[in-house]
There are 2 protein chains.
Amino acid sequence: MAPSTDTPTYLAVAGVLARSLSSAKPGSRLPSENELARTYGLHRQTARAVLQELERRHLVRRVRGRGTFVASLIDYRVGPGAAPSFSETVRRTGAAPRSETESIRLRAAPAAVRAELELATGAQVYLISRRRFVDDELVGCGDTYLAADLVPDLPRRLHRSASLYEALTEGYDLEPVRAVYRAEVELASERVTRRLGLDAQPWTIATRGIAECARLRRPIEVTAGWLRADVFRLVVEFGGR
Amino acid sequence: MAPSTDTPTYLAVAGVLARSLSSAKPGSRLPSENELARTYGLHRQTARAVLQELERRHLVRRVRGRGTFVASLIDYRVGPGAAPSFSETVRRTGAAPRSETESIRLRAAPAAVRAELELATGAQVYLISRRRFVDDELVGCGDTYLAADLVPDLPRRLHRSASLYEALTEGYDLEPVRAVYRAEVELASERVTRRLGLDAQPWTIATRGIAECARLRRPIEVTAGWLRADVFRLVVEFGGR
DNA sequence: TAGTGGTCTAGACCACATA
DNA sequence: ATGTGGTCTAGACCACTAT
């Protein structure tokens, strides 16, 4: 409240709140902008700056009409051994992962995918669009391209909330294994922003992978995914342990 | 200027500027907040929001008293083969890297470092603090711990702007090779924030590595580094190409 | 309907960099 | 001395979510 030194008021208050947040329960609500302004004797815009600073640090998430809530970062570990699994990553933190198939569409393979899957010109692929949730909060989305001839009748056999991996292994005897994997931190495109239900383009962990089937000795799927970078933290590890 | 639709003014103007930025020369100056307000007929705070939005997207960097400047992101590629070199990474983009030794201090090894370097209790290490520049802009900093017995007389033999790697290979016949490597995106600590000369804690790519010497068959150095995430972009790659 | 966060204007003072 | 970005108050309207 009293800016005794040169450190700005909103950073001072943010520091106070930040310290108290470390022991707060994820998902619990913070004071609103108006409450904060009242209790610290600030203008609403200054109180707002406090909460925005906490949001910038990924300590809270704010949603219009509802409030400001304590966030908890999930480490998204990437190593030479294995590409990370969304569900396992989330479950390890004690939260509840959920994946939902938005749509399954049959279409001619785009050129890039055709090259990666070693398909002939005009070959068809299934494009499977999915959304990822943590504790029922939408935190990511992804697309998978599958050579259509390998998974006949897929739309009927993959239901909305089923695991794609399980469908492939158990339904089609395909055992996808990651051959190429790439992850980077990037600003969401407008399309991904819309899919995530956000206004402003969020930073994301963008992944792209090609999986092969050992039995068939050929690449069978291409996946691209985006996870909100204010929910997941990219961690890379080589060697050690 | 005219909010014909529901998309806010500051995002509309930011979109216009963002498109024009893709063909702008990195380092060149954007209009100031006041100029922007004048040309678009906005209040200064709204013009400010425009430039802050561009900063949030890492398209520009702003510095108090000087102005807003076009930024250029540098990919910081990490793969199973090799840990990236700061200098090579920067040089490949056509920019000018520079590393500067801030200080070299002799001290008892901290417990964590002692374990990683397999040193006896009370063993001494050199702590070398360095700063990283791109085109004379401070973009990172780092610390290196070296077992003191391996590099006698180091403070006199490593000058301010020399390469530490070259000093080790040519001056001491040590050939450090990365054994363990870890990179993650994290908010800078207050200490790192100060070293980077910033007010607000920036997001950084934080790295930590242990290097061994093949000849001696033992770990010889521990390094920790922080690079501004609005200057570098973390990219991880496995397999392929 | 009340409360939340999101946007915008008006106007002020400040610290800092440059000339 | 001027211009830059950084902070702060005052007060307004809006869209969205809950009840």
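# Notebook: two protein chains and two DNA strands

**Entry 1. The surface near DNA strand D.** I began with the elements that supply at least two residues each to the surface near DNA strand D: helix H1 (9-21) and H3 of chain A, and helix H2 (33-40), H3, strand S1 (60-63) and strand S2 (67-70) of chain B. I note here that the model is predicted. I then looked up the residues around DNA strand D and found 23, of which A:Thr9, A:His43, A:Thr46, B:Arg44 and B:Gln45 are the closest. Of the atoms of DNA strand D that come within 4 Å of the protein, sugar and phosphate account for 64%. I sorted the residues of this surface by class and obtained three nonpolar, 10 polar and 10 charged.

**Entry 2. Single contacts to DNA strand D.** I next looked up individual atom pairs. An N or O atom in the side chain of A:Thr46 lies 2.3 Å from a phosphate oxygen of DNA strand D. From chain B, I recorded B:Arg62, which has a polar side-chain atom 3.2 Å from a phosphate oxygen of DNA strand D. For B:Arg64, I found a polar side-chain atom 3.1 Å from a sugar or linking oxygen of DNA strand D.

**Entry 3. The surface near DNA strand C.** I turned to DNA strand C and found 23 residues around it, with A:Arg44, A:Gln45, B:Thr9, B:His43 and B:Thr46 coming nearest. Sugar and phosphate make up 63% of the atoms of DNA strand C that come within 4 Å of the protein. The elements that each supply at least two residues here are helix H2 (33-40), helix H3 (44-56), strand S1 (60-63) and strand S2 (67-70) of chain A, with helix H1 (9-21) and helix H3 (44-56) of chain B. By class, I listed three nonpolar, 10 polar and 10 charged residues on the surface near DNA strand C.

**Entry 4. Single contacts to DNA strand C.** Which part of DNA strand C lies 2.3 Å from an N or O atom in the side chain of A:Gln45? I found that it is a base nitrogen. B:His43 also places a polar side-chain atom by a base nitrogen of DNA strand C, at 2.6 Å. For A:Arg62, the partner is a phosphate oxygen of DNA strand C, 3.1 Å from a polar side-chain atom.

**Entry 5. The contact between the chains.** I then examined how chain A meets chain B. Each chain brings 28 residues to the contact. The area buried between them is about 2,500 Å², and carbon and sulfur atoms give 53% of this area. A:Trp203, A:Val236 and A:Phe238 supply 25% of the area that chain A buries against chain B, more than any other three residues.

**Entry 6. Polar pairs and elements at the interface.** I counted 16 residue pairs in polar contact between chain A and chain B. Strand S3 (74-78), strand S7 (176-187) and strand S10 (232-238) of chain A give two or more residues each to the side of chain A that touches chain B. S7(A) has the largest share, with nine residues. The residues on this side of chain A are 15 nonpolar, five polar and eight charged. I also looked for salt bridges across the interface and recorded four. In a salt bridge between A:Arg182 and B:Glu237, the N to O distance is 2.7 Å.

**Entry 7. Strand pairing across the chains.** How do S7(A) and strand S10 (residues 232-238) of chain B run, parallel or antiparallel? I found them antiparallel, joined by four bridges. I followed A:Tyr181 across the pairing and found B:Phe238 as its bridge partner in S10(B).

Note on methods
Residues are numbered from 1 along each chain as its sequence is written. Chains are lettered from A and ligands numbered from 1 in the order in which they are written. This is a predicted model: local features need pLDDT of at least 70, side-chain atom pairs count only at pLDDT 80 or more; totals for chains, interfaces and linings use all residues. Side-chain values use heavy atoms; hydrogens and water are left out. A residue is near a molecule or strand if one of its heavy atoms lies within 4 Å of it. A polar contact is a pair of N or O atoms within 3.5 Å; within protein, one must be able to donate a hydrogen and the other to accept it, and residues adjacent in sequence count only if both atoms are side-chain atoms. Ala, Val, Leu, Ile, Met, Phe, Trp, Tyr, Cys and Pro count as nonpolar, Asp, Glu, Lys and Arg as charged, and the others, Gly among them, as polar. Contact means heavy atoms within 4.5 Å. Buried area is the accessible area (1.4 Å probe) that two parts lose on being put together, summed over both. A salt bridge is a side-chain nitrogen of Lys or Arg within 4 Å of a carboxyl oxygen of Asp or Glu. Two strands pair if DSSP finds at least two bridges between them.
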